[in-house]
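Colleague: Could you walk me through how to read a model like this one? I would like the general idea each time, and then the case at hand.

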Amino acid sequence: MADVIEIWADTQESVIRPMTAEELAQREKDEAEAEAAAQAAAQQAAQTAAVTQLAIAHAKSLGFTDEMIAVMYPNLAP
Amino acid sequence: MAGLGYKDFTAGAVLTAAQVDGYLMEQAVMNFAGTAARGSALSSVQAAGMMAHVGGGTVTVYDGSAWQQVYPNTPGLVYVAGTAFSAVSSVSVNNCFSATYENYVYIGHVACTTQAQVGLRLRVSGTDNSTAGNYLWGGAYTRWVTSATVAGEHSSTTATSFPLTDADGNFSFFEGKLFSPFASRLTGFNNVQAYNQGGSLNDGYWEAFAGSMTVTTSYTGFTIFPASGNISGSISIYGLRNS
């Protein structure tokens, strides 16, 4: 269901009505853009997580402990 | 001299001139044509607590050093419009911006049926401005969870709306300002929101956004909407007096 509540400040009128065709088209566009943005963000997060794991593994191979890594690279959360 | 308070006169009691002044004259809301007439009549006797009507329905009170207007009340923040809403796809507020106020404050809360960003679009003549790139904004956030606190930023030069909430929220409180939306110049925007991410009480989030329109359109209203799903909540809009 895609209802809109519309109010008028000057007359205090208020209506709840279905979306117009134009509003529905804009909503579909907004939803598609939000989904694309969410996918891009998820991809970026996955990439960041992978690089983070590589960085932590590399630091450990050099002898650093988790505590040392956390102090030196506070943004490198496992 | 200030008024004398209250006296219960008994039958046959002598009413003195001082009592008339103290119990009646100085405790009434006196009526004058204007502030000049009030000054002429009272400048030598005015005392804290005296009240006078100075024409046009304006009531003043002497605070001990100056006369202050007590009615009509002229607060700096004036309610313009607001509404509660439940399970709707968008909320449009028309004719809330006018030449009466230059800047506006809004405050509210919103619950989304899905985790979705809630945006704000300016509108005029019943039509939202949804042009990509007309909304320029940036934001900084702090997120605190049980294991860590993280910070970051968001921004957009291609947006079709200003953000009221971040995309990960599904229950948010927000407040913000719109600068000169009715004037034919750039409209400014700032907004602060707080929420529990994903509804988790262990995962909180705060973000401040600020931005500007890139076009100088005069707007008379706005629409708030979720990127997906429906929203419930409330929003109120206030005008800020310049004087």
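Modeller: Gladly; we will go from the chain contacts to the strands, and then to the backbone. Keep in mind that this is a predicted model.

Colleague: Let's start with the interface. How many residues of chain B are in contact with chain A?

Modeller: Count the residues on each side first: 20 residues of chain B are in contact with 19 residues of chain A. Then ask which elements supply them. Strand 5 (77–88) and strand 6 (90–94) of chain B each supply at least two residues of the side that touches chain A. By class, that side of chain B has 11 nonpolar, nine polar and no charged residues.

Colleague: Which strand of chain A is joined to strand 6 of chain B, and by how many bridges?

Modeller: For a strand pair, look at the bridges and the direction. Strand 1 (residues 3–8) of chain A runs parallel to strand 6 of chain B, with five bridges between them. To find the register, take one pair: V4(A) has S90(B) as its bridge partner.

Colleague: And what does strand 6 of chain B pair with inside its own chain?

Modeller: Strand 6 of chain B pairs with strand 16 of chain B in the antiparallel sense, over three bridges. There, V93(B) stands opposite F222(B). Strand 16 (residues 221–226) of chain B is also joined to strand 8 (residues 118–124) of chain B by six bridges, again antiparallel, and R121(B) has T223(B) as its bridge partner.

Colleague: Is strand 16 of chain B enclosed or open?

Modeller: Here you count neighbours: a residue is buried if 20 or more other C-beta atoms lie within 10 Å of its own. Six of the six residues of strand 16 of chain B are buried, so this strand is largely enclosed by the rest of the structure. Check the two faces separately as well: G221(B), T223(B) and F225(B) are buried on one side, and F222(B), I224(B) and P226(B) on the other.

Colleague: What about helix 1 of chain A, then?

Modeller: Helix 1 of chain A gives another picture: it is hardly covered, with two buried residues among its 41. To judge whether a helix is straight, set its span against the expected one. Helix 1 (residues 21–61) of chain A reaches 60 Å from its first C-alpha to its last, close to the 60 Å expected. After the helix comes G63(A), whose phi is positive, near 105°.

Colleague: How do I read a sheet order, say 1-2-3-4 in chain B?

Modeller: Follow the neighbours across the sheet. These four strands form an open sheet with mixed pairing. Strand 1 (29–31) and strand 4 (67–71) of chain B stand at the edges with a single partner strand each, so one side of each is left without a neighbour in the sheet. The twist averages 35° from one strand to the next.

Colleague: Which backbone features deserve a look?

Modeller: Most residues other than glycine have a negative phi, and most peptide bonds are trans. Exceptions are worth locating. The peptide bond from Y71(B) to P72(B) is cis, with omega near 0°, and P72(B) is in the loop between strand 4 and strand 5 of chain B. N95(B) has a positive phi, near 55°, in the loop between strand 6 and strand 7 (103–112) of chain B. S180(B) also has a positive phi, near 45°, and it is in the loop between strand 13 (169–179) and strand 14 (188–197) of chain B.

Colleague: Are those two residues buried or partly exposed?

Modeller: N95(B) is partly exposed, with 17 other C-beta atoms within 10 Å. S180(B) is partly exposed too, with 19.

Conventions: Residues numbered from 1 in each chain as written. Chains lettered and ligands numbered in written order. Predicted model: local features only at pLDDT ≥ 70, side-chain atom pairs only at ≥ 80, totals over all residues. Contact = placed C-beta atoms within 7 Å. Nonpolar A, V, L, I, M, F, W, Y, C, P; charged D, E, K, R; others polar. Pairing = 2+ DSSP bridges. Axes fitted to C-alpha atoms, helices over the stretch in contact; angles between N-to-C directions. Expected span 1.5 Å × (residues − 1). Buried ≥ 20, exposed ≤ 12 C-beta atoms within 10 Å, placed from the backbone.
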